[in-house]
Amino acid sequence: MTPHLIPRRERWLLFTLAGIQFTHILDFMIMMPLGPQFTALFGISNAQFGLLVSAYTLSAGLSGLMAATYIDRFSRKRLLLVMYTLFGLATLACGLAPDYFWLMVARVAAGLFGGVLSALSQTIVADVIPFERRGRAMSVVMTSFSVSTVAGVPLGLFLAAHLSWHAPFFGIALLVGLLAVGAWQTLPRLDAHLHHPERTSVWRGIGQVLAEVNHLKAFGVSGLMMFASFTVIPYITIYLQSNAGMKTGEVPWIYLFGGVATLLSARYFGHLTDRLGKVKVFQRLALAVAIPLMATTLSQGLPLWGLLTISTLFFTVMSGRMIPGMAMISSAVEPRLRGTFMTLNSSVQSASMGLAALVAGLIIGRDAQGQLTFYWVAGLLGVVASLLSAWLAGHLRLHGAPASAA
């Protein structure tokens, strides 16, 4: 039976999950604005930096595949706490890494443990929150992206600039320790799925997930949604500094303005999702993101205010699209298979992000002046993926949705 929480406990649950998502997202995001430092410090190419970013996401994808065999066999709370603790230790190892090789090893380890956290958080929301309020609940958890950009990334960059690139990872590891204690005290047991009368074996559950055409469509939407963003995101800072002339001290403003905008707009997108329908809102935002996505790759020569306007719009629409997207995808599966489905979905998303960063790294080059070339081609590839995700979303069937409110 799905647990019914009083409003106060429900809010604590959502805030706790948002905190866990904050550290998980920040650990991944902090790598991208540090790109110029890593390429200079380690003497690596764009493709090698893309591999460093992809190491996390690809290992997270592999972790998701493995987790699909056990995620529904344990209490959500117990599994979340174990994986989160191991994630914190791996992040600490990132801060202790002495060179490119050991940083790569630590990033793989962080991905292995962190890759399960998003799936667990989204599964818990879908388990506990009724369908009609799931968009707003997902918007609370998704504000972790906004907070990580508005506060986490600028603070991480400040620590990296005044101490070293190791410092942000030490800070994240410390925060993980504090949040793990808080999660242990505030989360309910979350084990109702263990007593489901129609519970199936692990491999049969995976087979049932993969045999359903609607699930495969949802995986397609999810993968395309992430691929569209990560053809561009990992190289934004490198492009803005090498091509657009942005100074290192100005980079945090990108994340500050973008984070504030997404923080303010998240609840609006959540309410809009529940009022107009998850599919309809997602399709509109997936189409709208094409404009700032391409503008980001063609912003050379603009003044600082123009660069900040484009990047803020890009972050706002990109993160806003995730709210109806994840509410829609988590509703495309039967509740008894949701844990396995969401874990496989997390794997699909991670693999898509890693593949996008790798492909873009191979497309993007550098000229004799050190400026990026063909960045716009990577952006165009992202636009195509976003348009395909909007089209495929229209073919999804959502469980628990009234006929007129998909």
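User: Which helix does Leu-89 lie in, and where does its side chain end up, buried or exposed?
Analyst: Keep in mind this is a predicted model. Leu-89 is part of helix 4. Its relative accessible area is 53%, and the cut-off for exposed is over 50%. So Leu-89, in helix 4, is exposed.

User: Which element gives the most to the nonpolar patch on the surface?
Analyst: The patch is made of Val-82, Leu-86, Leu-89, Leu-92, Leu-96 and Phe-170, with about 510 Å² of accessible area together. Five residues of the patch come from one element, running over residues 76-96. That top contributor is helix 4.

User: What kind of pair do the rings of Tyr-239 and Tyr-375 make?
Analyst: The structure holds eight aromatic pairs. In the one formed by Tyr-239 and Tyr-375, the ring centres are 4.9 Å apart and the planes sit at 40 degrees. Planes under 30 degrees apart would be stacked and over 60 edge-to-face, so this pair is tilted.

User: How many residues apart in sequence are the parts that Tyr-239 and Tyr-375 tie together?
Analyst: Tyr-239 belongs to helix 10 (residues 236-242), and Tyr-375 to helix 16 (residues 375-393). Both of these tyrosines are buried. Because they sit in those two helices, the parts they tie together are apart in sequence by 136 residues.

User: Tyr-268 and Phe-269 pair up too, so which of them counts as buried?
Analyst: Their ring centres are 5.7 Å apart with planes at 55 degrees, so the pair is tilted. Tyr-268 has a relative accessible area of 49%, which makes it partly exposed. The other ring is at 9% relative accessibility, so the buried one is Phe-269.

User: What is the N to O distance in the salt bridge of Asp-27 and Arg-107?
Analyst: This pair links distant parts of the chain, with Asp-27 in helix 1 (residues 7-29) and Arg-107 in helix 5 (residues 100-128), 80 residues apart. Asp-27 is buried at 0% relative accessibility, and Arg-107 is buried at 1%. Their side chains meet, N to O, at 3.0 Å.

User: Arg-397 and Glu-212 also form a salt bridge; how many residues apart in sequence are the parts tied together?
Analyst: The count comes to two salt bridges, and in this one the N to O distance is 3.5 Å. Arg-397 is partly exposed at 43%, and Glu-212 is partly exposed at 27%. Arg-397 lies in the segment after helix 16 and Glu-212 in the loop between helix 8 and helix 9, so the separation in residues is 185.

How values were computed:
Residues are numbered from 1 along each chain as its sequence is written. This is a predicted model: local features need pLDDT of at least 70, side-chain atom pairs count only at pLDDT 80 or more; totals for chains, interfaces and linings use all residues. Side-chain values use heavy atoms; hydrogens and water are left out. Patches are made of residues with over 30% relative accessible area and no salt bridge: like charges are joined within 9 Å, nonpolar side chains (Val, Leu, Ile, Met, Phe, Trp, Tyr) within 5 Å. Accessible areas come from the Shrake-Rupley method with a 1.4 Å probe; for residues, only the protein chains shown count as cover. A salt bridge is a side-chain nitrogen of Lys or Arg within 4 Å of a carboxyl oxygen of Asp or Glu. Helices (H or I, at least four residues) and strands (E, at least two) are DSSP runs, numbered from the N terminus. Buried means under 20% relative accessible area, exposed over 50%, partly exposed in between (1.4 Å probe, protein chains only). Rings of Phe, Tyr and Trp (its six-membered ring) pair if their centres lie within 6.5 Å; planes under 30 degrees apart count as stacked, over 60 as edge-to-face and the rest as tilted.
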